[in-house]
Amino acid sequence: MAADRKSIFLGDLSPQEAYDLVRQTPSTLIVDVRTDAELAFVGGADMPAEGGSVTHIEWSSFPSGAVNPSFVGQVAAAAQERGADTVLFICRSGARSLQAAHAVAAEAPEGLARVFNVSEGFEGGHDAQGRRGQVSGWKARGLPWRQG
């Protein structure tokens, strides 16, 4: 029987907390839920030598914004493939990843014990000039990332 959402959704982690968790528990999986275009043009989190892994599964598509109907199953399969019982969700600034985390937690796929949201996302909030990636988020915190 699947656990209920409250038992596996454990809240938000800062980018640094997320990075530290993955380094301490290499079976943790980071799921980047942004669109293919966002990932290609902006880059994404990387765990090159620290263990852990990052995968990309779109939560919603551009330009329609339609939610991926296979999302939960794709996350469950990716977690099972990597032997992960903990999944962290990341997007641009933390909103879509929170929706994705709640969706996965609500269904509590077999084998998942902990679900977190990376609160600041990859690019974080806007700076004074209205640009992202400078004041908060995975990238601005100087954590490993790559583009392309």
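**Figure 1. The side chains of Ser53 and Arg82 are joined by a polar contact of 3.3 Å in this predicted model.** A polar contact is a pair of N or O atoms within 3.5 Å, where, within protein, one atom must be able to donate a hydrogen and the other to accept it, and where residues adjacent in sequence count only if both atoms are side-chain atoms. Ser53 belongs to strand E4, which covers residues 53-56; helices (H or I, at least four residues) and strands (E, at least two) are DSSP runs, numbered from the N terminus. Not counting residues up to four places away in sequence, Ser53 touches Pro26, Thr28, Leu29, Ile30 and Arg82, contact being defined as heavy atoms within 4.5 Å. The model is predicted, with local features needing pLDDT of at least 70 and side-chain atom pairs counting only at pLDDT 80 or more, whereas totals for chains, interfaces and linings use all residues. Residues are numbered from 1 along each chain as its sequence is written, and side-chain values use heavy atoms, with hydrogens and water left out.

**Figure 2. Arg96, in helix H5, makes a side-chain polar contact with Glu38.** Helix H5 spans residues 95-107, and the polar contact between the side chains of Arg96 and Glu38 has a length of 2.8 Å. Arg96 counts as buried because its relative accessibility is 19%, the term buried meaning under 20% relative accessible area, with exposed meaning over 50% and partly exposed in between (1.4 Å probe, protein chains only). When neighbours within four places in sequence are left aside, the residues in contact with Arg96 are Val33, Arg34, Thr35, Glu38, Trp59, Ser60 and Cys91.

**Figure 3. Phe89 lies in strand E5 and is buried.** The strand comprises residues 86-90, and Phe89 is classed as buried because its relative accessible area is 0%. Apart from neighbours within four places in sequence, the contacts of Phe89 include Val31, Val33, Phe71 and Val75, together with Ser97, Ala100, Ala101 and Val104, and also Val115, Phe116, Asn117 and Val118. Phe89 and Asp12 are separated by 77 residues in sequence, while their C-alpha atoms are 9.5 Å apart in space.

**Figure 4. Glu123 is a buried residue in the loop between strands E6 and E7.** The loop runs between E6 (114-118) and E7 (145-146), and the relative accessible area of Glu123 is 14%. Leaving aside neighbours within four places in sequence, Glu123 is in contact with Arg34, Val42, Arg92 and Arg132, as well as with Gly133, Ser136 and Gly137. From C-alpha to C-alpha, Glu123 and Ala140 are 7.1 Å apart, with their positions 17 residues apart in sequence.

**Figure 5. The side chain of Gln147 reaches the backbone oxygen of Phe41 at 2.5 Å.** Gln147 is placed in the segment after E7, and, with neighbours within four places in sequence set aside, Gln147 is in contact with Ala40, Phe41, Val42 and Gly43. The C-alpha atoms of Gln147 and Gly44 are 6.4 Å apart, although the two residues are 103 residues apart in sequence.

**Figure 6. Two loops contain backbone features at Pro63 and Ala108.** Phe62 and Pro63 are joined by a cis peptide bond with an omega of about 5°, and Pro63 is found in the loop between E4 and helix H4 (71-82). Ala108, in the loop between H5 and E6, has a positive phi of about 40° although this residue is not a glycine. At 5% relative accessibility, Ala108 counts as buried.

**Figure 7. The whole chain, as a setting for the close-up views, has 5 helices and 7 strands.** Along the sequence these elements follow the pattern α-β-α-β-α-β-β-α-β-α-β-β, and the C-alpha atoms fill a box of roughly 50 × 35 × 25 Å, taken along the principal axes. Of the 148 residues, 46% are buried, and, among contacts with a separation of 6 or more, 71% come from residues 24 or more positions apart. The chain has 13 positive and 17 negative side chains, and the centres of the two sets lie 5 Å apart; Lys and Arg count as positive and Asp and Glu as negative, while His and the chain ends are not counted, and each charge is placed at NZ of Lys, CZ of Arg, CG of Asp or CD of Glu.
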